[in-house]
Amino acid sequence: MKLIATVMTLALVMLFTQPAAAQDDFEFVDILEVNFYGGIGIPIGGIAEFSDSVGAKIGASVGIDIGYFLKPNMVLGFSFIYTRMGHEDIQNLEDKGLYHRLFNPNVYLKYYFQGESSIEPYVKAHFGIEHPRFTTFARHQDGDRFREISYGGAWALGLGAGLFYFTSDWGGLFVEGNYHYAFSKDNDKKYGLDELTFGENVSIIDIHAGVRVLFGKD
């Protein structure tokens, strides 16, 4: 919780102390950014050796961000990221359509370091809820086997950075990396004959690339 408070405090300090950039060419009002992206999710920590089942391995992620410019260099928005990971050493589960999955809706705050170049570096913080759905061995009256179990939501947060490149006045390409952490260790699920506990805090590095499009009145 101290980490959450620190991240949110830094975000608010940046929001209310940074001066707005001068706008000589146009009035900067009501601008939205929409980002579409895909990449990889790299599990680290406990989920890589998932104690109640089989460990997660590198998987694919897709996501979307929709944000509103509070200032010419600062965006507050909503994002959703879906990550699907396979299993260490037990490949036949994937043949049965069983994976480890993460569903992460969150709000984000992004700060662009603007200059004269077409390339803009930025930093990003996000806070939301992680919904892990992990392949777990479970006992059930219909038979004991591996199943995808939804463990419910847990608070999650993360920090990241990226580079954006303008290919036109209203859009471009970007690459981004984030560290994401969820407090999911105590999440539990009643399933069949078992009371299952997730037992791990989700920790993942997400690296992706995508397209950003800007929308405004003009």
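Colleague: Which residue forms a salt bridge with Arg133?

Modeller: This is a predicted model, in which local features need pLDDT of at least 70 and side-chain atom pairs count only at pLDDT 80 or more, while totals for chains, interfaces and linings use all residues. Residues are numbered from 1 along each chain as its sequence is written, and side-chain values use heavy atoms, with hydrogens and water left out. A salt bridge is a side-chain nitrogen of Lys or Arg within 4 Å of a carboxyl oxygen of Asp or Glu. In this case the closest N and O atoms are 2.8 Å apart, and the partner of Arg133 is Glu148.

Colleague: How many residues apart in sequence are the parts that Arg133 and Glu148 tie together?

Modeller: The elements are DSSP runs numbered from the N terminus: helices are H or I with at least four residues, strands are E with at least two. Arg133 lies in strand 5 and Glu148 in strand 6 (residues 145-150), so the separation of the parts they tie together is 15 residues.

Colleague: What is the relative accessibility of Glu148?

Modeller: Buried means under 20% relative accessible area, exposed over 50%, and partly exposed in between, using a 1.4 Å probe and protein chains only. Arg133 counts as partly exposed at 30%. Glu148 counts as buried, because its relative accessibility is 14%.

Colleague: Which residues are joined into one network by salt bridges that share partners?

Modeller: A search of the whole structure finds six salt bridges. Some of them share partners, and the network they make consists of Glu33, Lys110 and Arg212.

Colleague: Which residue meets the side chain of Lys124 in a salt bridge of 2.9 Å, N to O?

Modeller: Lys124 counts as buried at 6% relative accessibility. The partner also counts as buried, at 0% relative accessibility. At 2.9 Å from N to O, the residue that meets Lys124 is Asp65.

Colleague: How far apart in sequence are the parts tied together by Glu176 and Lys124?

Modeller: Glu176 forms a salt bridge with Lys124, with 3.1 Å between the closest N and O atoms. Glu176 lies in strand 8 (residues 171-182) and Lys124 in strand 5, so the pair ties together parts whose sequence separation is 52 residues.

Colleague: How many bridges join strand 2 to strand 3?

Modeller: Two strands pair if DSSP finds at least two bridges between them. Strand 2 (residues 59-71) pairs in the antiparallel sense with strand 1 (residues 32-43) over 10 bridges, and there Gly38 stands opposite Val62. Strand 2 and strand 3 form a hairpin with two residues between them. They run antiparallel, and the number of bridges joining them is 11.

Colleague: Which residue in strand 3 stands opposite Tyr68?

Modeller: This residue is partly exposed, at 42% relative accessibility. It also belongs to a nonpolar patch on the surface. The residue opposite Tyr68 is Leu76.

Colleague: How much accessible area does the patch of Leu32, Tyr68, Leu70, Leu76 and Phe215 have together?

Modeller: Patches are made of residues with over 30% relative accessible area and no salt bridge, like charges being joined within 9 Å and nonpolar side chains (Val, Leu, Ile, Met, Phe, Trp, Tyr) within 5 Å. Accessible areas come from the Shrake-Rupley method with a 1.4 Å probe, and for residues only the protein chains shown count as cover. The protein chain exposes about 11,300 Å², with carbon and sulfur atoms supplying 61% of it. The area of this patch is about 430 Å².

Colleague: What is the angle between the planes of Tyr111 and Phe113?

Modeller: Rings of Phe, Tyr and Trp (its six-membered ring) pair if their centres lie within 6.5 Å; planes under 30 degrees apart count as stacked, over 60 as edge-to-face and the rest as tilted. The structure holds 10 such aromatic pairs. Tyr111 and Phe113 are edge-to-face, 5.0 Å centre to centre, with an angle between the planes of 80 degrees.

Colleague: What is the relative accessible area of Thr83?

Modeller: Thr83 lies in strand 3 (residues 74-85). Contact means heavy atoms within 4.5 Å; leaving aside neighbours within four places in sequence, Thr83 is in contact with residues including Gly41, Ala60, His100 and Ile204. Thr83 is buried, because its relative accessible area is 5%.
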